[in-house]
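The following note sets out points on the model for a colleague's consideration. They begin with a single residue and proceed to the sheet, the helix packed on it, the largest pocket and the backbone.

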Amino acid sequence: GAVYFIRQKFTLGAFFRDLNDSERQQLQTNRGAVARLIVDGTPAFNADLLVGDVVTAVDGVAVTNTQGLLELLRARSGQTV
């Protein structure tokens, strides 16, 4: 086996996943993305985003799922949201 380390520049500094069925039922919505990893020293870390937090909107625009969140973030790259 081999292990590779890749240095990456983070836009937000968080990795997300889609809501699972129990989260959808608990939140009573199909929309949102769950933070699964926050990188120290990034905008997500500095904004106090925590693992398990659910992002439901960015800049007033609803987040449908993880892919939708990434598209919203790319469209606002370099801006404060």
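**Points on the predicted model**

1. Asn46 counts as exposed, because its relative accessibility is 57% and the cut-off for that class is over 50%. This residue belongs to helix α2. Its C-alpha atom lies 33 Å from that of Ala2, and the two residues are 44 positions apart in sequence. The model to which these values refer is a predicted one.

2. As to overall composition, the protein contains three helices and five strands. Along the sequence these elements follow the pattern β-α-β-α-β-β-β-α. A box of roughly 40 × 35 × 20 Å, taken along the principal axes, holds the C-alpha atoms. The protein has 81 residues, of which 27% count as buried. Among contacts with a separation of 6 or more, 37% are between residues 24 or more positions apart.

3. The sheet may be described next. Three strands form an open sheet in the order β1-β2-β3, and their pairing is antiparallel. β1 (14-18) and β3 (54-55) are the edge strands; each has a single partner, so one side of each is left without a neighbour in the sheet. In general, the strands of a sheet pair through backbone hydrogen bonds, in either a parallel or an antiparallel manner.

4. Which residues of β2 face β1 and β3? The antiparallel pairing of β1 with strand β2 (residues 33-38) extends over five bridges. Within β2, Ala35 stands opposite Phe16, and Ala33 is the bridge partner of Asp18. On the β3 side, β2 and β3 pair in the antiparallel sense over two bridges; Val34 has Val54 in β3 as its bridge partner.

5. Val55, in strand β3, merits separate mention. Its relative accessibility is 15%, and Val55 therefore counts as buried, the cut-off being under 20%. Leaving aside residues up to four places away in sequence, Val55 touches Phe16, Gly32, Ala33, Leu49, Val63 and Leu69. The C-alpha atoms of Val55 and Val34 are 6.4 Å apart, although 21 residues separate the two in sequence.

6. Helix α3 lies across β1, β2 and β3, and runs at about 145° to β1. The segment after α3 contains Arg76. Is Arg76 buried or exposed? Its relative accessible area is 18%, so Arg76 is classed as buried; the cut-off is under 20%. With residues up to four places away in sequence not counted, Arg76 touches Val58, Asp59, Val61 and Val81. Between Arg76 and Val58, which are 18 residues apart along the chain, the C-alpha separation is 9.4 Å.

7. The largest pocket contains about 440 Å³ of space. It is lined by 19 residues, and those closest to its centre are Leu12, Pro43, Leu73, Gln79 and Val81. Three elements, α2 (43-46), β4 (57-58) and α3 (66-75), each give two or more residues to the lining. By class, the lining comprises 12 nonpolar, five polar and two charged residues. Two residues connect this point with the preceding ones: α3 also lies across the sheet strands β1, β2 and β3, and Val81, one of the residues closest to the pocket centre, is touched by Arg76.

8. Finally, the backbone geometry of two residues should be noted. Most residues other than glycine have a negative phi. Gln28, which is not a glycine, has a positive phi of about 60°. Gln28 lies in the loop between α1 (21-27) and β2, and counts as exposed because its relative accessibility is 68%. Asp59, likewise not a glycine, has a positive phi of about 55°. The loop between β4 and β5 (61-62) holds Asp59, and Asp59 is one of the residues that Arg76 touches.

Methods
Residues are numbered from 1 along each chain as its sequence is written. This is a predicted model: local features need pLDDT of at least 70, side-chain atom pairs count only at pLDDT 80 or more; totals for chains, interfaces and linings use all residues. Side-chain values use heavy atoms; hydrogens and water are left out. On a 1 Å grid over the protein atoms alone, a cavity is a set of points where a 1.4 Å probe fits but cannot get out, and a pocket is an open set with protein on both sides within 12 Å along at least five of seven lines; lining residues have an atom within 4 Å of a point. Grid points are joined across faces, edges and corners, and a volume is the space filled by probe spheres set on the points. Helices (H or I, at least four residues) and strands (E, at least two) are DSSP runs, numbered from the N terminus. Ala, Val, Leu, Ile, Met, Phe, Trp, Tyr, Cys and Pro count as nonpolar, Asp, Glu, Lys and Arg as charged, and the others, Gly among them, as polar. Two strands pair if DSSP finds at least two bridges between them. Contact means heavy atoms within 4.5 Å. Axes are lines fitted to C-alpha atoms, for helices over the stretch in contact, and angles run from 0 to 180 degrees between N-to-C directions. Buried means under 20% relative accessible area, exposed over 50%, partly exposed in between (1.4 Å probe, protein chains only).
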